[in-house]
Amino acid sequence: MIELSNISVDYGNGTNQISALKHISAHIEKGEFVSIMGRSGCGKTTLLNVIGGIIKPTSGQYMFDCKNVLAFQNKQLASFRNKNVSFIVQNFALVNELTVYQNVMLPLIYARLKKNESKHRVDEALKAVDIVQYGDKFPPQLSGGERQRVAIARSIAADTQVILADEPTGALDEQNGRMVMELFRELNHSGKTIVMVTHDGELAKYGSRILTMKDGEFIHISER
Ligand SMILES: Nc1ncnc2c1ncn2[C@@H]1O[C@H](COP(=O)(O)OP(=O)(O)OP(=O)(O)O)[C@@H](O)[C@H]1O
Ligand SMILES: [Mg+2]
């Protein structure tokens, strides 16, 4: 489903130029759960952003479901992001001025979904991560683990094929970290494709494959 060929990403120019990704190729099947590990600065977030259509690589080819993502015009790209990928990040990326319910609803508003369908999806998503009772609260009133569940609910409601998670447990204690991983495991079993960056070797094992990066390249690939 995700086919990256010879992808390079350079930031800056001239003497300030940094090669964040160097001729990376990877193939991720529908329904896979892939963990990505590697030192700070090795290019993990950059890679997720390429997959999510946020960053356009300097060179290379990216096919998603046999479609050439790098050829998309703005409108197609926006629709690609909305329909296919959702991000879950370390600091949750919730809107503090909106309630939990509204935060989960947000991507559905962008997707211009019908109101009834949206409500149904939000209710189901809140139920799935067991935070129905927090619907009217605001993110700052919740614990880290609860906030991350809201972010996961948003992803469930958006119902994208792919979930891109960038150190989703980085701000959580061990117990909440495991809870988030169990939710990911359930999502994966329900058919979602997950690509997760983590620094934690134990959590990485939730993936069916671990890709290890160094200086913008893959150095090790483990199959489980
Ligand atoms: N917008 C940017 N402009 C210039 N350089 C950048 C930019 N974003 C990232 N970089 C550089 O590209 C390299 C890869 O960054 P990236 O954020 O992908 O690393 P990472 O593996 O996610 O690191 P971390 O584990 O600390 O999050 C780093 O050297 C970083 O300094
Ligand atoms: Mg990063």
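The following paragraphs describe the overall architecture of a predicted model and then turn to a helix, a serine and two cysteines within it.

The predicted protein contains seven helices and 10 strands. Its C-alpha trace extends over about 50 × 40 × 35 Å along the principal axes, and its radius of gyration is 17 Å, a value that agrees with the figure near 17 Å that a compact globule of 224 residues would have. Of these 224 residues, 48% are buried. When contacts between residues at least 6 apart in sequence are considered, 70% of them are found to join residues at least 24 apart, so that the contact pattern can be stated alongside the agreement in radius of gyration with the globule value.

With respect to the surface, about 11,500 Å² of the protein is exposed, and carbon and sulfur atoms account for 48% of that area. The charged side chains comprise 26 positive and 24 negative groups, the centres of the two sets being separated by 6 Å.

Helix α1, which covers residues 44-51, is mostly covered, with seven of its eight residues buried. The buried set consists of Lys44, Thr46, Leu47, Leu48, Asn49, Val50 and Ile51, and it thus includes a lysine, Lys44, as well as leucines such as Leu47 and Leu48. After α1 comes Gly53, for which phi is positive, near 75°.

Ser118 is located in helix α4, which runs over residues 115-128. Its relative accessibility is 4%, and because this value falls under the 20% limit, Ser118 is counted as buried. Leaving aside residues up to four places away in sequence, Ser118 is in contact with Met105, Leu108 and Leu113.

The cysteines Cys42 and Cys66 fall on opposite sides of the accessibility limits, which are under 20% for buried residues and over 50% for exposed ones. Cys42 has a relative accessibility of 2% and therefore counts as buried, whereas Cys66, at 72%, counts as exposed. A disulfide is a covalent bond between the sulfur atoms of two cysteines. Under the distance criterion of 2.5 Å between cysteine sulfur atoms, the number of disulfides in the predicted model is zero.

Note on methods: Residues numbered from 1 in each chain as written. Chains lettered and ligands numbered in written order. Predicted model: local features only at pLDDT ≥ 70, side-chain atom pairs only at ≥ 80, totals over all residues. Heavy atoms only, no water. Helix = DSSP H or I, 4+ residues; strand = E, 2+ residues; numbered from the N terminus. Rg over C-alpha atoms; globule rule 2.2 N^0.38 Å. Buried < 20%, exposed > 50% of the residue type's maximum accessible area, 1.4 Å probe, protein only. Contact = heavy atoms within 4.5 Å. Areas by Shrake-Rupley, 256 points an atom, 1.4 Å probe, with all protein chains shown as cover. Lys, Arg positive; Asp, Glu negative; His and termini not counted. Charge placed at Lys NZ, Arg CZ, Asp CG, Glu CD.
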